[in-house]
Every structure is written in C-alpha cells, then in structure tokens.
Amino acid sequence: MSLKNMDVSLPQPMVTNTGIISSVNYGIQVQLITEQLTLTKPRITWGLMQSAYACSCNEDDFIAKEGILSLKIVSNNDFDTSHPKNTDLNSYFKAKKGSTMISIDDYIKSSKDLSYNTRYAFNEGVFLQVRPAIAKKHRFKLIITLSDGRILEAETTEIELV
C-alpha cells in the first residue's frame, strides 16, 4: 500500500508534494497492490466471423482475491479535543466514488459488489471534511484489514493543514 497527499484546489484532485494544503482541499490517494483472480476463461473463436471486443477490456476479466473489511485513519498528532493522536478519524473523512462523496463505511459496504476491484479501492481519494482544531501538522496512517486476515499499514508524508 502506498499513500499520497492530494489537493482538490488543483484543476482535478491531484497528487501533490507541497507541505502545506488548505484543510478543505486535503485528500489522500491510496494505491494497493493485490492479487487478482480471473473471471472468465479465454474464448476460442473459429469460423468466418471474429468477435469484436470494443466493450470488453482485459482488466474487466479480473477481480481481487482479497476484499477490504475495514479502513481506519489515525493521525500522529492531536486533531481536536475529542480525537487525540492515534484515535480513529474515519468520521472526518469521506471517500470519493465517481462524482459523489460517501462515508468510509458506506464505501467499504459498496465494495462488496462483484464488479469492484480492490486494487483500485480508495484510488480516487479519501478527503478530509473537518479542519483540525489543535495541531496543524499531521502524518495520517491508514490501516486496512483484508478478508484474508492481513493488515496493511502506510503513512502519508507530513502535511501542514491550514
């Protein structure tokens, strides 16, 4: 798993290396490398006509071997009085899914769909919804529990949220 800071004030939410981002524009891009299983076996074609596959991409033939059971986001610093360092900040983040923003829990529930691919989970980003009240500098740690029992952890670079 690898994490990158994102800034939504750019023309599109983009990965950024800047050390300071406005709280209302801050997001985290998650990149996962997972094993995949094939959904279909290759078709054998014969005859005069060959099939056209304009609507069937190679990546559509695979699903992730593992599913995501949970995601927990914590900070290395106190966020506010009710969220000291290392406490769950999921309620302060929303996941982008297409053109909508949904809660982390709803995103994980919707990921149970067969057309979902864990490799691209949270790739559109999880975005902060609340400005920190205490510390301005944070390194966010994401902890993902997979259906096979493995726990993946990664941490963002330090970011100052203004």
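## Exposure and the residue D148

A residue is called buried when its relative accessible area is under 20%, exposed when that area is over 50%, and partly exposed in between. D148 has a relative accessibility of 43%, and therefore counts as partly exposed. The model in which this value was computed is a predicted one.

D148 is placed in the loop between β12 and β13, and its side chain makes a polar contact of 2.9 Å with the side chain of R150. Along the chain, D148 and E66 are 82 residues apart, yet their C-alpha atoms are separated by 6.3 Å.

## The chain as a whole

The protein chain contains 14 strands and one helix. Of its 162 residues, 36% are buried, and the chain exposes about 9800 Å², of which carbon and sulfur atoms supply 54%.

If one considers the contacts between residues at least 6 apart in sequence, 64% of them join residues that are at least 24 apart. The pair D148 and E66 has already shown how residues separated by 82 positions can have C-alpha atoms 6.3 Å apart, and a further pair appears below in the account of M101.

## Strands β1, β2, β4 and β10

Strands of a sheet pair through backbone hydrogen bonds, and they may do so in a parallel or an antiparallel manner. Strand β1, which covers residues 2–7, runs antiparallel to strand β4, residues 26–31, and six bridges join the two. Strand β1 is also joined by two bridges to strand β2, residues 14–15, again in an antiparallel arrangement. M6 has a bridge partner in each of these neighbours, namely G27 in β4 and V15 in β2.

Strand β4 is in turn joined to β10 by two bridges, and these two strands run antiparallel; here I28 stands opposite V126 of β10. How much of β4 is covered? Five of its six residues are buried, so that the strand is described as mostly covered.

## A three-stranded open sheet

A separate description applies to β3, β14 and β11, which form an open sheet in the order β3-β14-β11 with mixed pairing. The edge strands are β3 (20–21) and β11 (137–138), each of which pairs on one side only. Strand β14, comprising residues 159–161, runs antiparallel to β11 and is joined to β11 by two bridges, and I159 in β14 is the bridge partner of H138.

## The nonpolar core

In soluble globular proteins, nonpolar side chains tend to be buried together. The largest nonpolar core of this model has 29 residues, and the members that touch the most other members are Y26, F93, I104, F122 and F140. Two or more residues are given to this core by each of β4, β7, β8, α1 (104–110), β10 (126–128), β12 (140–146), β13 (151–155) and β14. Which of these elements gives the most to the core? Strand β12 does, with four residues.

Aromatic rings can be followed through part of this core, since Y26, F93 and F140 form one aromatic cluster and are also listed among the members with the most core neighbours. The count of aromatic pairs comes to four. I104, another of the members that touch the most others, is in contact with L71, I73, N90, F93, K94, A95, F122 and V126 when residues up to four places away in sequence are left aside.

## N90 and M101

N90 is found in the loop between β7 (68–75) and β8 (93–97). Is this residue buried or exposed? N90 counts as buried because its relative accessibility is 12%, which is under the 20% limit. A polar atom of the N90 side chain lies 2.9 Å from the backbone nitrogen of I73, and, leaving aside residues up to four places away in sequence, N90 touches L71, K72, I73 and I104.

M101 lies in strand β9, residues 100–103, and with a relative accessible area of 34% M101 is partly exposed. Leaving aside residues up to four places away in sequence, M101 touches K94, A95, K96, F127 and Q129. M101 and V126 are 25 residues apart in sequence, and their C-alpha atoms are 8.6 Å apart in space; V126 is the residue of β10 that I28 stands opposite, and V126 is also one of the residues touched by I104.

Terms used
Residues are numbered from 1 along each chain as its sequence is written. This is a predicted model: local features need pLDDT of at least 70, side-chain atom pairs count only at pLDDT 80 or more; totals for chains, interfaces and linings use all residues. Side-chain values use heavy atoms; hydrogens and water are left out. Two strands pair if DSSP finds at least two bridges between them. Buried means under 20% relative accessible area, exposed over 50%, partly exposed in between (1.4 Å probe, protein chains only). A polar contact is a pair of N or O atoms within 3.5 Å; within protein, one must be able to donate a hydrogen and the other to accept it, and residues adjacent in sequence count only if both atoms are side-chain atoms. Contact means heavy atoms within 4.5 Å. A nonpolar core is a set of buried Ala, Val, Leu, Ile, Met, Phe, Trp, Tyr and Cys residues joined through side-chain atoms within 4.5 Å. Rings of Phe, Tyr and Trp (its six-membered ring) pair if their centres lie within 6.5 Å; planes under 30 degrees apart count as stacked, over 60 as edge-to-face and the rest as tilted. Accessible areas come from the Shrake-Rupley method with a 1.4 Å probe; for residues, only the protein chains shown count as cover.
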